[in-house]
Amino acid sequence: MAKGFSATTVSSWFQYRCERKVRYELSSDSELAGIPITKDKREQSWAILGIRFEEEVVARLGRDVLRPSRDEKVLPEALSAAFLAGQRMERFAAQINLLPDRPPKFLKETGLFLNRNIADLVRRDVSRENANIVELTIIDVKATRRATPFHKTQVAFYAKVLDEVLKEMGQSNVRVSGHGEIWRVADGEVAESGLHHAETFALAPYRRLVDDFCSNILPGIAAKQLRHDIDETFFHVYFKCEQCSYLEHCRKSISPELSPVHRDVSAVAGLTHEAKRLLNNSSIKSVAQLSEAEGLSKSAGLSWSLSRRAGVLVTRAKALANRSILRTEDEHTYLMPPKVDCALLLSVDHDPVDDRIAALGYCRVENGQPARSAKVKIPESGSLAHEGAALIEVLGELISDLTQIDAHNRSVSDGTLDADPIYAHIFLYEPSEAVNIQAAIGRHLESAAIRTGLLDLVRLFPPEEVVPEPEFRGVHHLPATALRSVIEQLYALPVSVAYDLRQVSQAVAGAEPYAYRPEPAFERPFSSLLSIEVIRTLRENPSKAQSVEAISEDVRSRLRAMTGLIGWLMDRNREATASGHALLRLAKRPFQFQTTFNPLNAIDLDVLMACEILENRAGLLEALVGLARPFRRRRDAGQCFANLHFDRHFKGPQGSRRIIFRIPKESQQADLSSGDMSLILHDDTPDLRLNPALWSQIGCRIVQPDFSLSDDEVCIEINRQVIRSQEYRALLDRVKPGGWFVDKAFFDVNTQRAASFVNYLGT
């Protein structure tokens with residue numbers, strides 16, 4: 001049976017890269033039902049919004065657009081032909097069905113036929129190069145914030161089909177423009193406004209992508225067998241699948257009810273589309289097979305990215321197969337401090353259509369218990385005014401708590417209060433939530449309330465529009481911890497597909513009351529943030545939407561689950577610390593506001609000083625994060641000589657000592673040389689390599705001696721201060737054969753000098 005094909009299929013391929021989705025879209029509903037394959041045909045609120053936005057945009061063109069009558073969805077064929085031939089006065093035509101009478105050349109021998117291809121808008125213009133030539137520009141109207149490549153490939157396909165139509169019509173003086181346009185929601189406007197911004201792009205690169213797809217990829221997908229007893233299509237279930245109509249069908253293959261032997265490898269969190277294809281090529285198709293794939297990183301045919309992540313993927317597969325929590329190879333993390341007296345929890349939901357905060361929640365937790373009821377605010381609309389009011393109301397409470405903690409700690413530090421200082425830290429679940437707060441603050445810098453009352457909030461989450469406040473971007477005052485990142489780094493959990501709060505909290509908390517158990521309307525397969533369906537229904541059809549109180553309760557439930565996760569991580573860290581291997585290593589001082597720099601009222605010297613300190617702190621933090629990785633990952637990244645064997649030593653100049661080490665084959669590709677001024681010599685003890693205060697006692701450098709070295713030798717020089725140091729002497733007593741390591745740490749000779757010079761200029 002012939003299969004229908006349209007621009008939607010092209011867009012779908014470049015958005016999802018899923019041959020199963022394309023193959024299913026080439027089939028009729030009756031064919032799919034006979035297999036059976038269930039398709040979700042519910043009209044999504046975001047799709048309805050797209051239609052409304054397009055209608056508003058077209059309506060603003062007034063009489064300059066030729067459009068179908070109210071009873072028609074597509075412009076009649078006669079009117080379409082008249083417009084393309086230049087027989088109409090209108091400059092635009094809406095909903096033209098681009099369908100040639102004959103099968104286009106690019107579909108011959110594929111067994112496919114064209115379905116309707118309805119372009120949102122086509123514009124007629126006289127060519128700038130030749131007044132006798134008319135150019136047709138294809139315009140796609142999208143209720144989105146940015147034009148994506150898959151939007152542009154859809155326009156390129158329309159252009160490809162329009163070429164065929166014009167050839168049939170014999171319109172030699174009419175051609176398709178070399179540029180396409182995406183009309184998207186205007187910056188700073190909500191979708192309901194109907195105001196658009198036109199993004200123009202060259203069609204040629206996207207035409208080539210479409211040509212390659214139609215010639216080399218599409219025929220192979222169309223030939224895949226699809227019957228009730230066989231499905232040859234390749235698929236991968238991951239976060240992009242959430243809006244796919246076939247998601248529920250594909251999710252059956254990763255159901256927790258299946259045994260590991262029959263559970264598709266897509267269930268392993270963090271697996272990419274291409275990684276699954278490579279695993280399948282190595283005959284690894286199930287969770288059980290991946291869990292047993294020891295030594296996978298050394299297998300032939302793997303990509304560099306997959307070989308580097310093979311260890312953690314195998315561990316996650318084992319966690320799924322055994323339904324247990326396992327430690328990853330990462331011994332510790334610099335993403336979270338080990339001591340938190342006061343945890344300040346934030347929950348941020350974002351509406352990607354209006355680019356506004358959709359819900360904002362805050363809770364202060366002390367000694368593992370909420371200090372008071374969580375504060376939750378749902379903006380009344382997508383307007384800037386309502387978003388600003390929510391920011392001030394909720395985050396104002398956060399700043400009030402931080403102000404109280406700051407006053408307490410200042411009194412302790414100046415001796416006027418005899419009490420213990422308070423260690424405070426901000427937590428979110430997803431890293432994207434911090435990004436969305438930064439962006440929201442950036443949208444309101446014109447607000448006096450944000451610029452004055454919430455100045456410290458700008459310091460904590462500096463948007464791109466201002467100079468980042470250095471102290472809170474440094475080692476001692478990271479503004480917030482994303483719990484998801486900490487858990488991903490340290491643990492492999494028996495959760496499927498994604499590390500979302502629902503699955504994670506239920507996996508680590510079991511039946512405890514902290515676990516997030518959302519109501520059906522709020523449950524998502526890949527995330528616990530509010531779905532676009534919930535957000536847009538609230539904005540566009542309040543009578544059918546979840547109530548504001550129900551949404552607020554969902555936010556509170558997530559904050560409670562975060563409380564449980566923080567407590568669980570702290571318990572695990574205490575256990576690990578007792579055995580001498582602390583998990584959480586972010587060193588923080590008792591909280592105090594940084595008041596030396598106003599990012600909204602900075603003079604040039606302030607900015608220069610801030611940038612200099614920021615560069616220093618960022619470099620040190622980057623070095624610590626790298627050194628916190630297991631030595632195998634540091635070695636494979638070329639940043640470490642691992643498992644060096646002591647060979648011999650001799651005197652160097654000025655009382656130094658030179659040591660010849662033999663390099664194992666695995667470490668011989670390390671990118672370390674005599675030009676590196678930040679090397680440390682150690683035995684891979686975390687408390688040594690992760691303590692910048694001790695680096696001066698184990699510093700070294702690579703040198704070239706007067707004689708030749710073999711390929712498996714390196715000469716390390718240490719100065720006499722290091723030789724006399726306590727840490728180096730302790731190293732000599734405890735290092736075992738083959739237990740020496742050389743790593744790149746962090747060395748900055750400029751910051752202190754630059755700071756002194758800037759201070760001099762300011763006097």
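Here is a short chat about one helix residue and some salt bridges in a predicted model.

Trainee: Let's start with Val 394. Is Val 394 buried or exposed?

Mentor: Val 394 is part of helix H12, which covers residues 384-413. Buried means under 20% relative accessible area. Val 394 comes in at 0%, so the label is buried.

Trainee: Which residues does Val 394 touch, leaving out those up to four places away in sequence?

Mentor: Take Leu 360 to begin with: 34 residues separate Leu 360 from Val 394 in sequence, yet their C-alpha atoms sit 7.0 Å apart. Leu 360 is on the contact list too. The full list for Val 394 is Leu 360, Gly 361, Tyr 362, Lys 375 and Lys 377.

Trainee: On to charges. How many salt bridges does the structure hold?

Mentor: Side chains of opposite charge can pair when their charged atoms come close. For this structure the count is 60.

Trainee: How many residues apart are Glu 242 and Arg 524?

Mentor: Their side chains form a salt bridge, at 2.7 Å from N to O. This pair links distant parts of the chain: Glu 242 is in the loop between strand S11 (230-231) and helix H8 (247-251), and Arg 524 is in the loop between helix H17 (501-509) and helix H18 (532-540). The separation in sequence is 282 residues.

Trainee: And Arg 524, is that residue buried or exposed?

Mentor: Its partner Glu 242 has a relative accessible area of 23%, so Glu 242 is partly exposed. The cut-off for buried is under 20%. Arg 524 has 17% relative accessibility, so Arg 524 counts as buried.

Trainee: Which helix holds both Arg 556 and Glu 553?

Mentor: These two side chains meet in a salt bridge at 3.5 Å, N to O. Arg 556 is partly exposed at 22%, and Glu 553 is partly exposed at 33%. They are three residues apart, about one turn of their helix, and that helix is H19 (residues 548-578).

Trainee: What about Asp 636, buried or exposed?

Mentor: Asp 636 shares a salt bridge with Arg 635, at 3.2 Å from N to O. Arg 635 counts as buried because its relative accessibility is 17%. Exposed means over 50%. Asp 636 has 52%, so the answer is exposed.

Trainee: Last one: which residues do salt bridges with shared partners join into one network?

Mentor: Opposite charges on side chains can pair up when the charged atoms get close. Here, bridges that share partners build one network, made of Arg 52, Asp 351, Asp 354, Arg 536 and Glu 540.

Key:
Residues are numbered from 1 along each chain as its sequence is written. This is a predicted model: local features need pLDDT of at least 70, side-chain atom pairs count only at pLDDT 80 or more; totals for chains, interfaces and linings use all residues. Side-chain values use heavy atoms; hydrogens and water are left out. Helices (H or I, at least four residues) and strands (E, at least two) are DSSP runs, numbered from the N terminus. Buried means under 20% relative accessible area, exposed over 50%, partly exposed in between (1.4 Å probe, protein chains only). Contact means heavy atoms within 4.5 Å. A salt bridge is a side-chain nitrogen of Lys or Arg within 4 Å of a carboxyl oxygen of Asp or Glu.
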